Amino acid sequence: MSHIFSRHCHATPPRAVGGEGCYLIDDSGKRYLDGSGGAAVSCLGHGDADVTAAIEAQLEQLAFAHTGFFTSEPAEKLADLLIEHAPGDLDRVYLVSGGSEATEAAIKLARQYWVEKGEPGRGRLIARKQSYHGNTIGALSAGGNEWRRQQFGPLLLDVSHIDPCYEYRYRRDDESAEEYGARAAQALEDELLRVGPDTVMAFMAEPVVGATAGALAPAPGYFKRIREICDKYGILLILDEVMCGMGRTGSLFACEQDGIAPDILCIAKGLGAGYQPIGAMLCTAEIYQTLADGSGFFQHGHTYLGHPAAAAAGHAVVSAILNRGLIARVKEQGDKLVTRLEDRFGQHPHVGDIRGRGLFRGIELVADRDTKAPFDPARKLGAALKKAAFNEGLICYPMSGTIDGKTGDHILLAPPFIIEDAQLDELVDKLDRAITATI
Ligand SMILES: Cc1ncc(COP(=O)(O)O)c(C=O)c1O
């Protein structure tokens, strides 16, 4: 009997014992094509010798030095590398151990910034429905997925949630994509005016929504307008690139493709590529300086901030992404993946939308293509698809509740950047069989 408190109480998952490139291997020898990098984590695939060597070398030199006393070489190097490539005025890096820690820190930093600026009345966060920002209380409060929030309602912060930018469902027939983008962004200004702009500290969003909406990319112009609205009312823009950042969409930072830069940016997942648990919150020099000129410290912290082995892994991963031409490869393989998905599923009676950027792709499933009616949630299609794909030897990331936390289903694909053409074929074949077996 296992003593592990596993994710599901009534299912014991197979034991993973190895990883090779795009495959994971269980203790029976079964190989699984990692079509979602777990949850958009394993961007370099499994068994990357350079990253492992960097971690080993760091552990031999220094495993841990508490950031209350020391900085460390790998943390400094990683921060320098990230800032060298970061968009806009981002200038400081706060290294944490995962995505929720990054978004939680972002929320607290936004609040402390306004307190130190002498505007303590700014305490409200505006975020979006159908986003996911993590599972700690602050991050979960920011997230807008009803299913994940429901039972924790009494514990959550009072966050405003506006509609997502969701062209497939919400663009009207008489609107262009740009007009819809402008209308979707207007929801932020409307909410600011409703609650009073002086009470708002920040707006938080995923540039390309991952887990809860299935690689939902914004309509053209949406984020430019969002940035304008934030600037008009002087509120901070926090972008959560925990899932879509670090090259996943075809640029190191996802927001580069929208032509904007945030005040605070969160990354994780692909930053450590699964080799170490690491995340980061980046902020502008102005935010940092406000604290520096005020109290002089960010009232936050965790024991494992800036862990040397994790930072060494992060540096090796980001170096690999940049130096091995992997961003260009994401675009190339991403185009090939979407072509294959469209060829295979473009006319499928239950595929409503194929979307995303780079190697971050989503398929929205519908009961009826013409009306876009979703399947009955009682079918629990997401769970059934995950199981069917797994039986086929494919790891993908299906999820239900795409539309409103209750209805709608999608499949998220986020394979390693090293995926080969033949493996793209294998992914689509296995996915096809899983969909056929499930629907
Ligand atoms: C956009 C986004 N933000 C935050 C998180 C939370 O990250 P973690 O699971 O590392 O805490 C996730 C995880 O899926 C995510 O997709």
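How far is an oxygen atom of the ligand from a polar backbone atom of glycine 99? Let's work through that and two further exercises together.

This is a predicted model, where local features need pLDDT of at least 70, side-chain atom pairs count only at pLDDT 80 or more, and totals for chains, interfaces and linings use all residues. Residues are numbered from 1 along each chain as its sequence is written, and side-chain values use heavy atoms, with hydrogens and water left out.

**Exercise 1. Describe the surroundings of the ligand.**

Step 1. Start with the opening question: the distance from the ligand oxygen to the backbone atom of glycine 99 is 2.8 Å. A polar contact here is a pair of N or O atoms within 3.5 Å.

Step 2. Move to the side chains. An N or O atom of serine 100 lies 2.5 Å from a ligand oxygen, and one of aspartate 240 lies 2.7 Å from a ligand nitrogen.

Step 3. Check the cover: of the 390 Å² of accessible area (Shrake-Rupley method, 1.4 Å probe) that the ligand has on its own, the protein covers 82%.

Step 4. Look at the shell, meaning residues with a heavy atom within 4 Å. Among them are Tyr132, His133, Glu206 and Lys269. The shell divides into 3 nonpolar, 5 polar and 3 charged residues, with Gly counted as polar and Tyr as nonpolar.

**Exercise 2. Trace the pairing of β1, β2 and β3.**

Step 1. Strands are DSSP runs of E with at least two residues, numbered from the N terminus, and two of them pair if DSSP finds at least two bridges between them.

Step 2. β1 (residues 16–20) and β2 (residues 23–26) run antiparallel, joined by 4 bridges. Glycine 19 has leucine 24 as its bridge partner, while glutamate 20 has tyrosine 23.

Step 3. In this hairpin, 2 residues separate the strands, and glycine 21 in the turn has a positive phi of about 55°.

Step 4. Continue to β3 (residues 31–34), which pairs with β2 in the antiparallel sense over 3 bridges. Here leucine 24 stands opposite tyrosine 32. The hairpin has 4 residues between its strands, and glycine 29 in the turn has a positive phi of about 95°.

**Exercise 3. State which residues lie nearest the centre of the second largest pocket.**

Step 1. Arg92, Val93, Tyr94, Leu95 and Tyr288 do.

Step 2. Sort the lining: 18 residues are nonpolar, 9 polar and 4 charged. Pockets are open sets of 1 Å grid points fitting a 1.4 Å probe, with protein on both sides within 12 Å along at least five of seven lines; lining means an atom within 4 Å.

Note on methods. A polar contact is a pair of N or O atoms within 3.5 Å; within protein, one must be able to donate a hydrogen and the other to accept it, and residues adjacent in sequence count only if both atoms are side-chain atoms.
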